Amino acid sequence: MIRRPRSDRGSVVWWAVAVVGCALVMLSGLVLVAQGSVRAAQAQAVADLAALAAVGVDESGSPSAGAMAEVISARNGCSLRSANPQPTVSGGRRWRVWVAKGPIEATAAAEPEPVHASGSTSP
């Protein structure tokens, strides 16, 4: 009977390298997906903030509500695509804001809450 030398140790090392390599590739993909989600959340937060700022400035009577939305988006690393007011049923104006952060875009809308004579916002 002829005995062959067994290279079990070398085989185990190659399997370990392959498993660790696959794990690193999958982890890298997961990191890329997570970064995209974080960027999308940041863009949405900036859009929300810019819309709220536009409403606040508009309610104060200043004509620069759109400019305020642009300042807010620029300070947060986004570019303002549009900021448009639309009339509401209650007589106020609703602001719709569209921002972009690289290839990721987000929109938001905000409008003032009606305040009653008692100072309450609830009916």
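**View 1. Two cysteines, C22 and C78, in the predicted model.** C22 is partly exposed, because its relative accessible area of 49% lies between the 20% and 50% cut-offs. C78 counts as buried, since its relative accessibility is 7%, under the 20% limit. The structure holds 0 disulfides.

**View 2. An open sheet of 3 strands.** The strands follow the order 1-2-3, and their pairing is antiparallel. Strand 1 (79-87) and strand 3 (104-110) form the edges. Each of these edge strands pairs on one side only. On average, neighbouring strands of this sheet are turned by 15 degrees against each other, direction ignored.

**View 3. Strand 2 beside strand 3.** Strand 2 covers residues 93-101. It is joined to strand 3 by 7 bridges, and the two run antiparallel. Within this pairing, V97 of strand 2 stands opposite A108 in strand 3.

**View 4. Helix 2 packed on the sheet.** This helix spans residues 65-75. Helix 2 touches strand 1 and strand 2. Its direction makes about 150 degrees with that of strand 1.

**View 5. The buried and exposed sides of helix 2.** A65, A69, I72 and S73 are buried. Seen down the helix axis, the buried residues fall within an arc of 95 degrees, so they line one face of helix 2. An α-helix has 3.6 residues a turn, so residues three or four places apart point the same way. A74 and R75 are exposed on the other side of helix 2.

**View 6. G77, after helix 2.** G77 follows the helix. Its phi is positive, near 80 degrees.

Notes
Residues numbered from 1 in each chain as written. Predicted model: local features only at pLDDT ≥ 70, side-chain atom pairs only at ≥ 80, totals over all residues. Heavy atoms only, no water. Pairing = 2+ DSSP bridges. Helix = DSSP H or I, 4+ residues; strand = E, 2+ residues; numbered from the N terminus. Axes fitted to C-alpha atoms, helices over the stretch in contact; angles between N-to-C directions. Contact = heavy atoms within 4.5 Å. Disulfide = S-S within 2.5 Å. Buried < 20%, exposed > 50% of the residue type's maximum accessible area, 1.4 Å probe, protein only. Arc of directions from axis to C-beta.
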